[in-house]
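Take a moment to turn the model around before reading on. We will walk through it together, one stop at a time.

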Amino acid sequence: MKQIKLLVIAMTMTMAPAVMAQSSTQNVLQLEKDIEMHEKNIKDKETAIKNLEERIDSLKSIIKDMESQKKTLEKELKNEVKIRKDKFTDRDEMVYDQEIVDVLYNPYNKSDVDEALRSFEGMETKEVIKKRELVEKYGEYTKNLKEFLEKQKTELSKTRWTYQSSSTDAYKKFEKGLKGTKYWKVYNKKEKNESIDYLDRVLDKVMLFKNDGLKDERKLNEAINMLYAN
């Protein structure tokens, strides 16, 4: 029995180096196999990165071209907007000259004013649209000025139409009241701003009447009658 045990031990000792050698060989082979796998993965990823870089370069070129096209379109758009604006300005000014300006050149007439206001519809030109207020207030300005002059006519008749210097109460009241009329601010700035031509002519007569000493009833009547034209 003892001999058998010794034989087994001897065999085991003889086989151990061979088993260890075989195991070591397997580990090396596995490692080499793993290395090959990793090398393949590395090459695949390097190839994928290179392909992406090529696509990025291609896209950069496309983007650059698109940006160039965008800039060109922006220039063209800006030019189109300017041309459209210029043509709209020409159109609005033409409509104003043909359909509106005569209303302000002639005595106030409600139906003419209403029609002129409709002509402003669809306009975009600010400088032309600003003139709309004059048309809208034409009737109001006319009524207010007429009421003022008629009241002054009654007051001045008490002076028997004698000459009034700038120091008299009658003159001061007339001048203060005139400057308080609704149209006065427009008239006073007519050299720089748009105004109502017809009312300008009325007030020109009123100013002549005032500067002449408020004594000529005929001149005052002429101005008042202009406000009764229609």
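How much space lies in the largest pocket? The answer is about 350 Å³. Keep in mind as we go that this is a predicted model.

Let's look at what surrounds that space. The lining of the largest pocket is made by 13 residues, and those nearest the centre are Lys-130, Leu-134, Val-186, Asn-193 and Glu-194. Two elements each give two or more residues to this lining: helix 4, spanning 132-157, and helix 6, spanning 184-188. Helix 4 gives the most, with four residues. If you sort the lining by class, you find nine charged residues, three nonpolar ones and one polar one.

Next comes the second largest pocket, which holds about 150 Å³ of space. Its lining consists of Val-81, Arg-84, Lys-85, Phe-88, Thr-89, Glu-124, Thr-125 and Lys-126. Helix 1, which runs over residues 2-105, gives the most here, with five residues. By class, four of the lining residues are charged, two are polar and two are nonpolar.

Stay with helix 1 a little longer, and find Asp-92. Is Asp-92 buried or exposed? Its relative accessibility is 0%, so Asp-92 counts as buried. The side chain of Asp-92 makes a polar contact with the side chain of Arg-91, at 2.8 Å. Leaving aside residues up to four places away in sequence, Asp-92 touches Met-123, Glu-124, Thr-125 and Val-128. You have already met Glu-124 and Thr-125 in the lining of the second largest pocket.

Now move along the chain to helix 5, residues 169-179, where Tyr-171, Phe-174 and Leu-178 are buried. Why do these three lie on the same side of helix 5? They cover an arc of only 65° around the axis, and this puts them on one side together. A general rule is handy here: an α-helix has 3.6 residues a turn, so residues three or four places apart point the same way. On the other side of helix 5, Asp-169, Lys-173 and Lys-176 are exposed. What do the buried residues of helix 5 pack against? Their partners are helix 4, helix 6 and helix 7.

Helix 7 is our next stop, and Met-207 is a good residue to pick out in it. Met-207 has 19% relative accessibility, and it counts as buried because the cut-off is under 20%. Not counting residues up to four places away in sequence, Met-207 touches Leu-178, Trp-184 and Tyr-187. Leu-178 is one of the buried residues of helix 5 that we just saw. Also look at Glu-175: this residue and Met-207 are 32 residues apart along the chain, with 9.5 Å between their C-alpha atoms.

Our last stop is helix 8, residues 217-226. At its start, a side-chain oxygen of Asp-216 comes within 3.1 Å of the backbone nitrogen of Arg-218. Which residues of helix 8 are buried? They are Leu-220, Ala-223, Ile-224 and Met-226. Because these residues cover an arc of only 160° around the axis, they sit on the same side of helix 8. The buried residues of helix 8 pack against helix 4 and helix 7. Helix 4 thus brings us back to where we began, in the lining of the largest pocket.

Definitions and conventions:
Residues are numbered from 1 along each chain as its sequence is written. This is a predicted model: local features need pLDDT of at least 70, side-chain atom pairs count only at pLDDT 80 or more; totals for chains, interfaces and linings use all residues. Side-chain values use heavy atoms; hydrogens and water are left out. On a 1 Å grid over the protein atoms alone, a cavity is a set of points where a 1.4 Å probe fits but cannot get out, and a pocket is an open set with protein on both sides within 12 Å along at least five of seven lines; lining residues have an atom within 4 Å of a point. Grid points are joined across faces, edges and corners, and a volume is the space filled by probe spheres set on the points. Ala, Val, Leu, Ile, Met, Phe, Trp, Tyr, Cys and Pro count as nonpolar, Asp, Glu, Lys and Arg as charged, and the others, Gly among them, as polar. Buried means under 20% relative accessible area, exposed over 50%, partly exposed in between (1.4 Å probe, protein chains only). The arc is that of the directions from the helix axis to the C-beta atoms. Contact means heavy atoms within 4.5 Å. A polar contact is a pair of N or O atoms within 3.5 Å; within protein, one must be able to donate a hydrogen and the other to accept it, and residues adjacent in sequence count only if both atoms are side-chain atoms.
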